[in-house]
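User: I would like to go through this model and ask, term by term, what each label rests on. Please set the values against the cut-offs wherever a conclusion depends on them.

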Amino acid sequence: MLGQMMQTPLLISSLLRHAAAVHGDTEIVSRGADGADHRYTYADAHHRACRLANALLSLGVRPGDRVATLAWNGHRHLELYYAVSGMGAVCHTVNPRLFLDQIAYIIDHAEDTLVCFDVAFRSLAEALAPRCPRVRAWVLLADEGDERDELEAPAPPGTLRYEALLAAQPDDFAWPALDEHTAAGLCYTSGTTGHPKGVLYSHRSTVLQAMAIALPDAVALSARDVLAPVSSMFHVMSWGLPYAASLVGSTLVLPGPKLDGASLFRLFEDEGVTVSAAVPTVWLGLATYMAEHALRLSTLKRVLIGGSACPRALIATLQDDFGVEVIHAWGMTETSPLGTVSRPKRKHASLPADRRLDLQVKQGRPVFGVEVKVVGADGAELPRDGAAAGDLLVRGPWVCASYFKADENDQLRDGWFPTGDVATIDPDSYVQITDRSKDVIKSGGEWISSIELENLAVAHPSIQEAAVIGVAHPKWGERPLVVAVRKPGATVSGAELLAFYEGKVAKWWRPDDVVFVAELPHTATGKLLKTRLRAEYRDYRLPTS
Ligand code: AMP
């Protein structure tokens, strides 16, 4: 017997329609490259998304077509999110920080018909155009005013103007009643080997995840919040936060290109931001800036941190020195990305501060919808004892079943998605990521967690950032090497840093050596680029060799 309730599909257009109807006067603020703000409301954004959908139709965009973006977090990018998906096409957010070859490959593989780009990416668009013959039109996302300044800069010939396209269209649009499983967004993930792979989100997966993001034990978003997603709109749809903002009617503050400590501090104070989200390096920059200038944020209450492991020292600094609660979370492009979130349970209320931090360093519990398990080399599930580390597998309605243009379910293991992360799960279901499987250090047949050794290195007061990699060792196979950046003015020696590990990890986990560098390499999404480090230190001779 079927239930007798309405079969209203879960659609991305309904998120914006809801925000426009119920929170019509709530503001969306976007900070431009020049520091000037663009301000309007959800009602305005909806009207402009309608104009854009009409314009896309007039350009020949049809349901299922891919429309690419090369843009920072800003209001036009937001309009593209809603209009492209809302009309039944696919919003393909391209990471402009990737190498040109990779971007050209991605645009070609996705068969994007239109590419919409920020003024900042005019030269990039020009370089791409001859390599992307299938793109029918290039669209410049800029104010009329911006364009005059930039007219001299190169751009693909025949580039269309976004504002002119919108001005020519009516501001209403009948959003189609799509099947909720229709493709809505596309995001490529760059593995360390092979070509980037496309993850194709649906309307349903996007809306369900937005609901989960807003839950109290996730980001606890509400209509009283001022949300600033610093996580890039070109990386996993800014972690789904722009959709969650519409769902609850949060004021939305889009930071534009300037993400350094000083710029974010100013933005958060100017706009009264209460909640934000970004990778650890962004928070490190903000915390360093505030410490140097003896500043405190007056409105920021909590921050979502993910993308790579959030060091214990950073959690402690943000909470104890600046009064900002840290919500540590884990996810990946293939999981939309919300997977696990570290928030305490009721029974943790009386934990001493140190034990509470132990919990926060973990990546947290799966939110409803996501199931997790860890398995050993034989595929058998490992005990949830917080100690047994194995391959982390996940499944759920916003987890990727197969990559774009790949065979259906080809990479799943018995219906579970293998994340490539190594993790433990404790009896309370808190997941702790110990490594990417390719980053784990294999010493004498046992595994050493590079993440834990990195966490300890940055807990040293003189260390700014650290990566720990496995280096070949004649006896043990691999041993850990710390590659570290000192804080400005700090003089800590390698021996002092190694001594810092004493008593904090098992003896055989202690790194064998330290190399200090001025800077560590990062990927286009802000993660430590360990493949480069491993290549650089392939022939490094450890003193213990
Ligand atoms: P991406 O698909 O680029 O978002 O990268 C996803 C990967 O980032 C995951 O598979 C993890 O290896 C890593 N990651 C994300 N969040 C965390 C976290 N909180 N702690 C440790 N690693 C993380």
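User: What follows helix α10, and what is the sign of its phi?

Analyst: In this predicted model, helix α10 is followed by Gly 249, whose phi is positive, near 80°.

User: What makes helix α10 (residues 241-248) count as largely enclosed?

Analyst: A residue is called buried when its relative accessible area is under 20%. In α10 that label goes to Leu 241, Pro 242, Tyr 243, Ala 244, Ala 245, Ser 246 and Val 248. Because 7 of the 8 residues of the helix are buried, α10 is described as largely enclosed by the rest of the structure.

User: Why is Thr 419 called buried?

Analyst: The relative accessible area of Thr 419 is 3%, and the cut-off for buried is under 20%, so Thr 419 is classed as buried. This residue is found in strand β19 (residues 417-425).

User: What makes the approach of the Thr 419 side chain to Leu 392 a polar contact?

Analyst: The side chain of Thr 419 reaches the backbone oxygen of Leu 392 at 2.7 Å. A polar contact requires a pair of N or O atoms within 3.5 Å, where one can donate a hydrogen and the other can accept it, and the distance of 2.7 Å therefore satisfies the limit.

User: How do you know that strand β1 pairs with strand β2, and in which sense?

Analyst: Two strands pair if at least two bridges are found between them. Strand β1 (residues 27-31) is joined to strand β2 (residues 37-41) by 5 bridges, and the two run antiparallel, with Glu 27 standing opposite Thr 41 in β2. The two strands form a hairpin with 5 residues between them, and Gly 35 in the turn has a positive phi of about 90°.

User: Which strand runs parallel to β1?

Analyst: Strand β11 (residues 251-254) is joined to β1 by 3 bridges and runs parallel; the bridge partner of Ile 28 in β11 is Leu 252. As 4 of the 5 residues of β1 are buried, β1 is largely enclosed by the rest of the structure.

User: What supports the pairing of strand β24 with its partners β23 and β25?

Analyst: The requirement is again at least two bridges. Strand β23 (residues 463-473) and β24 pair in the antiparallel sense over 10 bridges, with Val 468 opposite Val 482 in β24, and these strands form a hairpin with 3 residues between them. On the parallel side, 4 bridges join β24 to strand β25 (residues 513-516), where Phe 516 is the bridge partner of Ala 484. Together with helix α16 (residues 494-500), β24 and β25 make a right-handed β-α-β unit.

User: Why is β24 called largely enclosed?

Analyst: Of the 10 residues of β24 (residues 477-486), 7 are buried, so the strand is largely enclosed by the rest of the structure.

User: How do you know that the ligand makes polar contacts with Ala 309, Ala 329 and Thr 333?

Analyst: The limit for a pair of N or O atoms is 3.5 Å. A ligand nitrogen is 3.2 Å from a polar backbone atom of Ala 309, another entry places a ligand nitrogen 2.7 Å from a polar backbone atom of Ala 329, and a ligand oxygen is 2.6 Å from an N or O atom in the side chain of Thr 333, so each pair lies within the limit. The protein covers 91% of the 500 Å² of accessible area that the ligand has on its own.

User: What kinds of residues make up the shell around the ligand?

Analyst: The shell divides into 4 nonpolar, 8 polar and 3 charged residues, and strand β14 (residues 325-331) gives the most to it, with 4 residues.

Key: Residues numbered from 1 in each chain as written. Predicted model: local features only at pLDDT ≥ 70, side-chain atom pairs only at ≥ 80, totals over all residues. Heavy atoms only, no water. Buried < 20%, exposed > 50% of the residue type's maximum accessible area, 1.4 Å probe, protein only. Right-handed = clockwise from strand over helix to strand, strands pointing away. Areas by Shrake-Rupley, 256 points an atom, 1.4 Å probe, with all protein chains shown as cover. Nonpolar A, V, L, I, M, F, W, Y, C, P; charged D, E, K, R; others polar.
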